[in-house]
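Open the model in your viewer and keep the selection box ready. We will go stop by stop, choosing a few residues at a time.

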Amino acid sequence: MRKWNILATAVPEPGSMHALLGALNSYGKFHATPFKYVCTGWVEDHEQFLAALLEASHAGKTRIAHLGRIVPVSRVFSATSETFLGQLKDAATALVENIGSGTCFVRVERRGMPEAAHSPEIEHALADHVFALVEARGGSLRTSFADPDFIVVAETLDTECGVGLITRDMRTRFPFVRVR
């Protein structure tokens with residue numbers, strides 16, 4: 001398993017993945033995955049990386065034009081279909097300290113692991129877990145898909161999964177940080 005803390009997608013057009021990898025490798029170590037238009041990479045600091053990408057996009061750097069979206073993750077693990085939900089809950093538990101009261105939703109983007117439960121079932125179970133933990137800390141969350149305060153995101157690549165927390169502030173400052 002390669003070390004990664006960023007998942008990036010290229011716009012779906014010929015040559016876009018090659019151009020995007022060339023651009024992203026000036027900011028960290030990025031590699032293509034077996035999944036079309038998807039790459040992963042390691043950067044030392046999410047905030048600095050995202051700010052540098054924003055600056056490059058404002059400067060009109062053409063290779064950045066091939067960027068579809070970025071998903072920063074804070075934890076990556078390997079799982080089987082049997083251990084996936086438990087490990088996902090463990091990873092999300094660490095994120096709860098950064099979630100206050102407000103609106104939230106959970107998104108699981110699966111590539112691979114077809115024998116695991118369906119993504120909507122996993123999302124529901126994970127949301128129940130996160131909402132209960134926030135409530136136990138004295139907070140209150142409600143589900144909203146329209147401009148939520150927090151998005152708990154999980155991105156799988158076969159048996160690997162990256163989990164992260166995307167805030168409204170992050171999405172506002174860096175328009176390429178988004179989930180499907």
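Two strands count as paired if DSSP finds at least two bridges between them. Strand 6 (residues 102-109) and strand 7 pass that test: they pair in the parallel sense over 3 bridges. We will come back to them. One point before we start: this is a predicted model.

**Stop 1: confidence**

Colour the protein by pLDDT, the predictor's confidence in each residue. The mean for the protein is 93, and 97% of its residues reach 70 or more. Now select strand 3 (residues 38-42). Its mean pLDDT of 98 is the highest among the elements of the protein. Then select helix 2 (residues 46-58). Its mean of 93 is the lowest among the elements.

**Stop 2: the four-stranded sheet**

Show the cartoon and find the open sheet built from 4 strands. Read across it in the order 2-3-1-4. The pairing is antiparallel. Which strands stand at the edges? Strand 2 (29-32) and strand 4 (67-72) do. Each has a single partner strand, so one side of each is left without a neighbour in the sheet. Neighbouring strands here are turned by 25° against each other on average, direction ignored.

Select strand 1 (residues 6-10). On one side, 5 bridges join strand 1 to strand 4, and the two run antiparallel. Pick Ala10: its bridge partner in strand 4 is Leu67. Now add helix 2. This helix packs on the sheet and touches strand 1, strand 2 and strand 4. Its direction makes about 165° with that of strand 4.

Strand 1 also has bridges to strand 3: there are 4, and this pair is antiparallel too. Pick Ile6 and look for Gly41 opposite, in strand 3.

Is strand 1 buried or exposed? Buried means under 20% relative accessible area. In strand 1, 5 of the 5 residues are buried, so the strand is largely enclosed by the rest of the structure. Show the side chains. Ile6, Ala8 and Ala10 point one way, while Leu7 and Thr9 point the other way.

**Stop 3: three rings**

The aromatic pairs come to a count of 5. Select Tyr27 and Phe49 for one of them. Their ring centres are 6.0 Å apart, with 70° between the planes, and the pair is edge-to-face. Tyr27 sits in the loop between helix 1 (16-24) and strand 2, and Phe49 sits in helix 2. They are 22 residues apart, so trace the chain between them.

Compare the surroundings of these two. Tyr27 has 28% relative accessibility, so it counts as partly exposed. Phe49 has 3%, so it counts as buried.

Add Phe30. The rings of Phe30 and Phe49 have centres 5.7 Å apart and planes at 25°. Why is this pair called stacked? Planes under 30 degrees apart count as stacked, and 25° therefore qualifies. Phe30 lies in strand 2 and Phe49 in helix 2, so the pair ties together parts that are 19 residues apart in sequence. Phe30 is buried, as is Phe49. Show Tyr27, Phe30 and Phe49 at once: they form one aromatic cluster.

**Stop 4: a lysine over a ring**

Select Lys3 and Trp42. Lys3 lies over the face of Trp42, at 4.2 Å from the ring centre.

**Stop 5: the five-stranded sheet**

Move on to the open sheet made of 5 strands. Its order is 5-9-8-6-7, and its pairing is mixed. Strand 5 (75-78) and strand 7 (141-143) stand at the edges. Each has a single partner strand, so one side of each has no neighbour in the sheet. The twist averages 25° from one strand to the next.

Return to the parallel pair, strand 6 and strand 7. Pick Cys104 and find its bridge partner in strand 7, Thr143.

Next, show helix 3 (residues 84-95). Helix 3 packs on the sheet, touching strand 5, strand 6, strand 8 (150-157) and strand 9 (160-167). Its direction makes about 35° with that of strand 9.

**Stop 6: helix 4**

Select helix 4 (residues 119-136). It lies across strand 6, strand 7 and strand 8. It runs at about 145° to strand 6.

Finish on Ser119, which lies in this helix. At 17% relative accessibility, Ser119 counts as buried. What does Ser119 touch, leaving out residues up to four places away in sequence? Val108 and Arg110.

How values were computed. Residues numbered from 1 in each chain as written. Predicted model: local features only at pLDDT ≥ 70, side-chain atom pairs only at ≥ 80, totals over all residues. Heavy atoms only, no water. pLDDT = per-residue confidence, 0-100. Axes fitted to C-alpha atoms, helices over the stretch in contact; angles between N-to-C directions. Contact = heavy atoms within 4.5 Å. Phe/Tyr/Trp six-rings, centres within 6.5 Å; stacked < 30°, edge-to-face > 60°. Buried < 20%, exposed > 50% of the residue type's maximum accessible area, 1.4 Å probe, protein only. Lys NZ or Arg CZ within 6 Å of the ring centre and 35° of its normal.
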